[in-house]
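This report goes through a protein model from its overall make-up to selected local features. The sequence and the structure come first.

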Amino acid sequence: MLRKLRDIAVIGALLTLLIGPSAAYAAATLSGATLDFGQGGSKIWDDGDLKISTDNFLYLGGPSLTYVSNALEVHGAIRVGNAFTGAFNGSQIYDDGALRIQGNTSGGTVISGAVQFTGTVTGLPAAAGSVALTPTTAQTILPSTNTVPLTVQLVSGGNTNILNLNSAAGTTVFSVGSTGNTAVSGTLTVTNDATFAGNVTLGDAAADTITFTGTPTFGTVAATTVTAVTYNGTAVGTNGVLFNNLTTGNITVGGVQTTGTITIGAAAAQTGNVVINGGITGGANTLFNNSTTSTIAIGGALTTGTLTLGNAAGTGAVVLSGGTTAANTLFANVTTGTITLGAGLTGGAFTLGAAANTAATVLNGGTTAANTIFAGTTTGSITLGAGLTTGNLTLGNAAATTSQTIINGGLSTTTAAPNQLFPNVTTGNLSIGQGLTTGGIWIGGGVIAAGVINVANGTVAGAANAGAQTVNIAGALATGANTVNIASGAGTGNTVNVASGVNTGTDTINLGSGNGATKTVNIATGVTTTATNVNVATGAAAATVTIGNVTGATAVNINTGTGASTFATTGAGTLVVGGAASTGALTFGASTGAGQTVNIGTGASTGADIVNIGTGTATTSKTVNIATGAISTVNIGTGAFANTLNIGTGNTTGVVTFGATAATGNTIIRGTQTTGTNALFDNTTTANTTFLNGVTTGTITIAGALTTGTYTVGTATATGTTTYRGTQTTGVNALFDNTTTANTTFLNGVTTGNITIAGALTTGVYTVGTAAATGNTVYRGTQTTGTNSLFDNTTTANTTMFAGVTTGTITIAGAVTTGNIAIGNAGANGNTVTINSGSTTTGRVILAGSGQLDFNGTAPAAPAATGAGTGTIIANSTDAVGQIGVDSQVLNTALVLTFSHTYTVAPLCVIAGADAGAATAIGSAAGVIVTSDATTMTLTYTGVASAKTFNYHCFKAT
């Protein structure tokens with residue numbers, strides 16, 4: 001390039017010499033390699049490089065283009081004049097240690113076309129509508145039209161972060177990943193509503209605290225472990241449920257509790273039904289089947305209601321097992337009420353005592369009432385001591401002096417159903433009145449009208465006797481001390497017949513029936529070593545046998561040895577022990593020996609037996625005691641049959657008690673294993689029901705063996721209160737703690753009532769679910785009116801929710817379409833709501849649907865106007881978002897908004913014009929400057945003669 005310039009200079013100098021200098025210019029001279037123009041020191045020379053020098057300006061005036069074909073080195077500034085006027089306006093390029101391109105003062109610097117920077121670019125200036133990379137003041141990106149203000153896009157295939165915001169230390173505190181994941185490492189403050197449409201993770205460690213200051217609303221909460229203090233239901237009248245969707249799993253209430261109390265139902269305020277349903281098909285339903293030493297009370301506080309065990313229509317067995325060493329009692333505290341056992345039994349067997357029992361079975365009667373046994377039996381058979389082989393069967397008290405023992409027989413006149421005493425005794429001894437010392441023994445009526453007592457009125461001396469016979473044995477005409485012996489000879493064998501003839505009329509047989517002095521009637525009482533058989537009306541005819549009377553102190557004693565004793569009726573005959581006017585004690589099995597078996601109604605009849613104990617109507621009341629005098633085992637309905645057992649079903653105002661308050665043995669109530677419905681207190685409507693109220697240290701298990709059936713507490717139509725209480729001191733209360741894969745439903749039918757769980761818990765830990773749970777936990781609330789609450793009484797304590805969730809999805813109000821979702825209390829002051837990201841890679845996503853994303857907060861006061869005018873603020877404006885303005889004042893140049901809160905870090909604020917006045921202020925040459933500190937946001941602008949309204953958004957860290 002220098003050579004070309006040198007050639008041009010030489011040619012130019014030669015032309016100058018040939019043409020000659022003009023009059024206006026000095027002559028140019030060529031001296032060796034130097035061309036001197038003789039004007040101001042301008043010359044061209046070559047000293048190895050072509051050089052052009054002048055004392056002022058050097059002009060290269062190509063008419064269209066001046067071309068430099070190689071590198072151009074300039075040691076000063078390159079000044080660029082106006083391309084159209086040629087005037088220099090200040091644009092230049094120079095190097096003062098850094099390359100500088102300087103535009104003129106009016107037009108600035110404009111770079112058109114693609115610009116590529118391969119090195120570091122710093123110090124770019126910020127003008128109106130531009131953004132500086134190293135700003136010294138706050139900047140605003142404000143498009144002039146409705147376009148996207150700024151787009152940051154990765155290169156195709158890029159996988160780095162789209163955006164990083166770093167702290168002063170260079171640490172990234174906010175980032176947007178290549179796929180849109182957003183991470184905030186600091187504290188995020190959201191002052192208005194927020195919607196999370198995807199998976200949300202709150203906390204990344206168990207120590208993290210998630211605080212809901214307001215009232216959380218959860219459409220569906222799915223979590224493996226939820227720890228809560230109180231489960232509150234909806235308004236009064238609705239049903240509360242827990243685990244109501246479980247069908248096959250196990251549900252445990254207090255499964256690991258050791259010393260506390262588990263309460264189902266309110267102790268005093270419960271007016272509705274408390275129903276504990278058991279399995280209807282398989283499994284053995286149990287109540288407290290692991291209690292070994294504690295006391296179990298069912299209906300311990302019941303005073304006026306009815307306590308029912310078993311269903312009136314049940315077909316399964318109802319078994320009441322007692323302690324093997326303690327004195328088991330049924331209705332031991334009943335003094336005036338009525339107690340009925342098996343009152344509705346029609347076809348099943350009613351058994352008191354076990355067939356193999358070696359201890360005593362005692363039935364005590366009322367001391368003043370007329371006690372009856374099987375008084376309602378009309379057509380069945382009644383057997384006393386049918387299986388007795390070695391023990392004694394005693395009717396009446398051996399020491400009784402004023403009471404009567406009456407054995408009534410059938411009233412039928414047929415010979416097919418005679419009344420019998422000891423009809424099965426073949427080799428044993430029979431004694432009537434064996435212990436009688438001063439009383440009398442009557443066989444037959446008192447004074448016969450005809451004055452004749454007939455004994456074996458049949459054939460005499462082998463000849464037929466058609467005439468009237470009178471057989472007197474110590475009759476009324478005898479006045480002395482008579483000894484009457486019948487067949488008392490020592491022969492080889494006597495047959496003594498008394499009125500044994502076949503007569504066409506009615507026979508009357510009297511033994512010792514005359515009035516007078518005290519009579520002693522002995523029948524086979526003198527035999528001590530020889531087996532004696534005594535038969536009374538054992539023929540097949542319908543006979544009425546009466547022993548004793550109901551007058552005065554009449555006593556009837558029937559003693560048997562080891563040969564047993566039988567009171568049997570046939571067909572529809574009725575056996576009555578204890579007359580209607582009896583007030584004395586009626587005792588069955590009062591043996592003081594080694595032990596005996598007392599059977600009542602144990603015969604294997606082909607029809608339906610009815611066994612009644614104490615069922616008659618008394619003027620005052622009846623007290624029925626069963627096994628109250630000794631250590632006993634009482635079995636009721638223990639046979640493997642379809643039994644129906646009713647206890648206290650007719651009791652309306654009395655008390656039904658199972659177990660004693662001081663009992664230390666086990667009490668087990670079992671229900672059906674197959675079909676049907678087991679029920680406890682299922683007819684309780686308005687009365688209070690207490691269940692297991694006295695248990696203090698033992699373990700209570702309800703449905704402990706339930707595997708596949710349904711376990712229900714409470715009825716679907718209950719309107720009362722159901723309360724579950726746990727331990728007050730130590731131990732762990734558990735509910736369904738062994739449920740692994742099955743569904744659990746709890747309080748599922750509650751629609752309008754209140755459900756309170758651990759309502760009085762103040763200092764303990766309330767846990768729902770186990771740490772290792774893998775199933776779902778769902779909390780549902782009201783679908784219509786009312787407010788569902790979670791931890792709504794937490795004031796100063798920390799609350800953790802979903803703290804253990806690491807990889808699952810947490811959805812809060814995922815199905816909400818029209819309602820509001822609030823996190824934090826609208827009126828709370830000084831609270832911080834934190835949403836953690838979980839890690840630096842997962843980020844936080846806040847998405848809004850077709851609605852808006854709002855950041856509400858406390859409204860600040862109207863802004864102060866600088867220069868002139870009055871500042872205004874639109875309603876519902878907050879520190880985060882709002883609209884401020886000033887009336888028409890040309891002298892107004894600034895607005896200062898004071899935040900309602902003092903922030904640790906100054907918020908980052910942006911503004912936009914909301915009307916023409918604000919747009920004019922923003923478009924002024926001085927621009928709009930937005931600055932903020934911990935307490936205020938300041939807008940400065942050029943005053944314009946119009947009202948100005950600005951929209952603002954401020955983003956705060958803390």
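How many salt bridges does the count come to? The model is a predicted one, and in it the count is two salt bridges. The table lists both pairs.

| Acidic residue | Basic residue | N to O distance |
|---|---|---|
| Aspartate 47, 46% relative accessible area | Lysine 51, 34% relative accessible area | 2.9 Å |
| Aspartate 96, 46% relative accessible area | Arginine 100, 40% relative accessible area | 2.8 Å |

Aspartate 47 counts as partly exposed, and so does its partner lysine 51. In the other pair, aspartate 96 is partly exposed, as is arginine 100.

**Overall make-up**

The protein has 958 residues, of which 33% count as buried. Its secondary structure consists of two helices and 31 strands. Among contacts with a separation of 6 or more, 74% are between residues 24 or more positions apart. The exposed area is about 53,400 Å², and 54% of that area comes from carbon and sulfur atoms.

**The nonpolar patch and the β5-β6 hairpin**

Which residues make the nonpolar surface patch of about 680 Å²? The patch is made by Val68, Leu72, Val74, Ile78, Val80, Ile93, Leu99 and Ile101. Two strands, β5 (78-81) and β7 (99-102), each supply at least two of the patch residues.

Valine 80 lies in strand β5. Is valine 80 buried, partly exposed or exposed? Its relative accessibility is 41%, so valine 80 counts as partly exposed, the class between the 20% and 50% cut-offs. Valine 80 also takes part in strand pairing, with serine 91 in β6 as its bridge partner.

The pairing of β5 with β6 (residues 88-95) is antiparallel and runs over four bridges. These two strands form a hairpin, with six residues between them. In the turn, glycine 86 has a positive phi of about 80°.

**The four-stranded sheet**

Strands of a sheet pair through backbone hydrogen bonds, either parallel or antiparallel. In the open sheet considered here, four strands follow the order β25-β26-β31-β28, and the pairing is antiparallel. Why is one side of β25 and of β28 left without a neighbour in the sheet? Strands β25 (871-873) and β28 (908-913) stand at the edges and have a single partner strand each, so one side of each lacks a neighbour in the sheet. From one strand to the next, the twist averages 30°.

At one edge, β28 pairs with β31 (residues 948-955) in the antiparallel sense, over six bridges. Within this pairing, isoleucine 911 has tyrosine 952 of β31 as its bridge partner.

**A positive phi in the loop after β25**

Where is asparagine 876 found? The residue sits in the loop between β25 and β26 (881-886). Asparagine 876 is not a glycine, yet its phi is positive, at about 70°. With a relative accessible area of 71%, asparagine 876 is exposed, because that value is over the 50% cut-off.

Key. Residues numbered from 1 in each chain as written. Predicted model: local features only at pLDDT ≥ 70, side-chain atom pairs only at ≥ 80, totals over all residues. Heavy atoms only, no water. Buried < 20%, exposed > 50% of the residue type's maximum accessible area, 1.4 Å probe, protein only. Contact = heavy atoms within 4.5 Å. Areas by Shrake-Rupley, 256 points an atom, 1.4 Å probe, with all protein chains shown as cover. Pairing = 2+ DSSP bridges. Axes fitted to C-alpha atoms, helices over the stretch in contact; angles between N-to-C directions. Patch = residues over 30% accessible without salt bridge, like charges linked within 9 Å, V, L, I, M, F, W, Y side chains within 5 Å. Salt bridge = Lys/Arg side-chain N within 4 Å of Asp/Glu carboxyl O.
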